[in-house]
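User: Hi! I would like a close look at one part of this assembly, please.

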Amino acid sequence: MRRGLSVLHRAIHKLEPLRRIYEQEYTLLGRLAKMVGLSKPVTDDELEEWKELVYNSCTLCARCSLVCPVGNDIVYMVRKFREGMAVSGHAPEGLIGAVTRTIEIGSPMGVRLPAVQAQMRHVQDETGIEIPLDKEGAEYLVMLSSMEIMNFPEYLSAIAKIMKQAGKTWTLCSTAFEATNAGIQIGVSDLAKVIVKRIVDGAERLKVKTVISPECGHAYTALRWDGANLIGRPFTFKVLHILEVLDEFRAQGLLKTEGFETAKMTFHDPCQLVRRGGVIEQPRNLMKMVVKDFVEMEDPGKYNWCCGGGGGVSANEEAEQLRLEAFKIKKRQLENTGAKTLVTACANCRITLEEGLEHNQMDIPVVGLTEMIAEHLVETPSAKS
Amino acid sequence: MNRRLTVAEQLAKQGVSRRAFLKFCAAAASLMALPPGMAPAIAEALGKRTRPSVIWLSFQECTGCTESLTRSHTATVESLIFDMISLDYHHTLMAASGEAAELARKQAMEQAGYLVLVDGSIPTKDGGIYSAIAGVTNLQMLKETLENAAAVVSIGTCAAYGGIPKADPNPTGAKSVQALMDEGLVPRKPVINVPGCPPIPTVITGVLAHYLTFGEIPELDNLGRPTMFFGDSIHDRCYRRPFYDQGKFAKTFDDEGARKGWCLFELGCKGPTTHNACATTKWNNGTSFPIESGHGCIGCSEPDFWDAGSFYSALSMPTTPLDLAAGAAVAGAAIGVGVALANRSKKGAAKSAHQSAGLADLEK
Amino acid sequence: MGEVEFLNWVRGSGLNIAIAVFLLGVILRLIEIYSLGRKPDLSAPRHAAGASGLHTVFRRSLPPPGMMKRSPVSYIGGYIFHIGLAVVVFLFAPHIKLIENFFGLSWPGLPSQVVDLVAVITLVAMVVVLVDRITKPVKRFLSTFEDYFTWTVTFLPVLTGYLAVKHLLLPYTTMLALHILSVEILLVVLPFTKLFHAFTVFGSRWFNGHLNAHKGVPV
Amino acid sequence: MSGLEGIPVHIQSAPRAVASGNTQAILAELETALQALLETGREHSIDLRSLPLLPGELDYLQHTLGTGEVRVEVDALGKSEVQETAFRGIWWVTHCNTADDVMAEFIEVSFCPDIIRAQSDDVRESLDALSVRLAGEPVSNQNCRGEGEPL
């Protein structure tokens, strides 16, 4: 299974068993063929063989769905296929682990509340701003991804500073701090629902108006687009990505920055944010606030190429080879821009990109957009006190 | 019977000069669609050939073919050719009747090597009783007559391909001469088909002239027709062809396009699939042909032309009404709804049988 | 059966059967596919300019940025043969006459020399995309019997039509009959193979565009 | 048949001569044939019946070739008319039957069309007949009808 990208990894080929199931179960000719024993049944062995194609080689980035001339929504079908793969025991170990930890512990990386609280204290000490927890009636409920809790604590401090400058009330939630949803990635709606339900319950308990998804693409789509469908009713609150919130603040004049980054910078659009999420213009507005020399990659916005680690691939060790192979596209795009710093807005992308750059011995720092904005906030006297 | 005269001798006896004979040969070459340079070869061949005996059998037919051939009363080059042959039996044209007529046929058949001309198709159903002459069925008469014949010329589409009597539903089981030979019902002899409803008179005589002149069967196409007259389609030789190529079509018989002489394809012209000499030889001594008169070709020199749909529906159109379509559409909808309901119940069953997936399900 | 009898059959019973199977298949398949339905999306919609099912129906007719360069043969060859097929099928006078017979609709055709040229270009484009399919390892891997079969049944009507008009290879009557027969095979096969995309392509584009428009993504 | 010519037929818009290219092709063929006649003495003729001429094309051709100095009428199995065209060596030959229906129509390229020339067989027979006549014997050959002789 350790090999590079091959002809096997073509989007439509990944769906071959699913296509056969559809044909055999839901079309007249397929049903007839099955009745007289002319069709080839889908076997467990075959599904096991397809594991690499359905999980390791697909990041659910949806570029295939975007370019298909016939209009086939291929990623939708891969997502459906994973439902069957997962419950028939053909999901990769790494992803099963992540889901299990999310369900049992509360976070795919095994982060528990005390770790979050430690992080909160740390930020409080550093910024001097109080980090609210379980504050009822706050306008915003801020969600985190474990990646941010563990690897990018700057995010929380950035939020604190921004909210303070904007003068908005916000809170974290002790029962729902983790936004990522490994249930979606592995493809088990029942489990994804359990994870989403925690957030819904938390948000409704605290009576917040808006839940803010962190800089994590899958977390955003899981909550923003899948959430209501998973629980079977519309949300009573709004869901926004942090970049949407920042752009709203900017438009309302609540986000004041000073100074500019001097290095040439480019922005990596996380698939789940643009193609799957619809957050396309916001990062550009924000980039222009603080970056003088902002260059777009080729194929920017909804056409962007995946970092290679989405759809649970970053949690799946089996997929490492393929992920590094896929990174070559990103590498080429990046080199063509000549940018010195890479900005993105997804913790998962960020980790994957950093690993890819390191593997290719490229010395380009990867920065979270929210944090970069926070660094340029106009320092107000109250913020210091 | 005294020695038969050669054709040249026959003409000389009638007081035809060499100059006139030369003119005759030039006209004959034109008639046979041969290059004008062939006239001397024709003259030479006619100097050697004797007058053959000819028996003309008319079966299930309308006498249109005979009409076509004989409608010109004046002496033409064709009639000269008939002077050259000895037409011993033709029940429409011959003076004799009844037993005398049949006797003439029997006598002509005594000397082998005669030529048989047939117009009309031959009924085969119920023992062929649907057409009989002097109490002899057509089938029986053809069988007898072909026994010692040198060759047979099927004149008209009925004799050549079955024609209108064979048209659907063919109540008499009508068949062409060739079909009877293929089925072994009559003796097999060389067949020249001269189809048309009726055939062009000069084509009939041209084919006969060729046979008489050269004593051999001319080159035939795959439907047994002499290629010299049937080698090209009407469409290929049609003077309106340029309009077809330009996409200019008359839409009705009295529209602008019709007045301008545009292509009649859309008005049902069967020229593209019809092989005949109408476009070059023309009718009524070269006056015109149907397309020149503003009517499309009906394809009368082709097998089953009567069953090729309306004469006025274009070749690309169906020949029969699409009567299965409505039923098929209803059946499609019914089966579709059936499958839809089955799918829906399958989905419903799957949904109600669904047990919420837990972590335990992931490890199998 | 002689050539004219053959022609009469394909213009009569053959066409009748083919059209019947085609209609049955198309209606059955459309109901079968669209009756599966989709659940309503409960998430709060986002609106964006240029995002709708209809937008996607049209947008997918153009190559996305960069894709033309990535697979020029697929795009250029694909365009040529699809447009070529449309021209040959819908702008050749005898075909228009047939359509008029079925639906009563008629429009001016193109001169036959132009249609001839388009037919040749279409044939060449189809051969090129086939060669591309066979020589590119990825495409060859993805190709099944059905792909080659559907290519053949699409190619034959154009080829036989061209040969018939040009009086090549076989007598016109036989070639015309073969042409009509090949179209009948195409009609029978179409609803039950990938060729059915002729009917579903706009539906699936619309669905894709509609679902993504809900998210405010102009796909 | 002969009545057909009596029907007044008007061709309203005679298609131009170039419409089928036939006339140009015929003229080109004649040019080649004239050259061959001069160089090798080979004669040539074109059967106008075998060509799919457009209405009006025959007239155009006739008009283009024009009329020359010689016009011969032959009376043999009906009339034949031999008309030299304005291009000498090119003859328009029309053969009619006894009812004056046109049986064949040719354009011939030769110094003198064969139909005009007396044929050697006929000449031989004429010689015999004349000799017999001179010898005072009754005429038996019908080819050369003497005055007052029965047919």
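User: Looking at chain C and chain D, how far apart do their closest C-alpha atoms lie?

Analyst: Happy to help! This is a predicted model, in which local features need pLDDT of at least 70 and side-chain atom pairs count only at pLDDT 80 or more, while totals for chains, interfaces and linings use all residues. Residues are numbered from 1 along each chain as its sequence is written, and chains are lettered from A and ligands numbered from 1 in the order in which they are written.

The closest C-alpha atoms of chain C and chain D lie 16 Å apart, and no contact joins these two chains. Here, two residues are in contact if their C-beta atoms, placed from the backbone, lie within 7 Å.

Chain C does touch chain B, and of the four pairs of chains in contact, chains B and C share the most contacts. This contact takes 38 residues from chain C and 39 residues from chain B. On the chain C side, α1, α5 (93–103), α6 (112–135) and α9 (172–189) each supply at least two residues; helices are DSSP runs (H or I, at least four residues), numbered from the N terminus. The largest share comes from α1(C), with 21 residues. By class, the side of chain C that touches chain B has 21 nonpolar, 13 polar and four charged residues. Ala, Val, Leu, Ile, Met, Phe, Trp, Tyr, Cys and Pro count as nonpolar, Asp, Glu, Lys and Arg as charged, and the others, Gly among them, as polar.

Now for chain A: its contact with chain C takes 31 residues from each of the two chains. In chain C, α1 (3–34), α7 (137–142) and α10 (197–214) each supply at least two residues of that side, and α10(C) gives the most, with seven residues.
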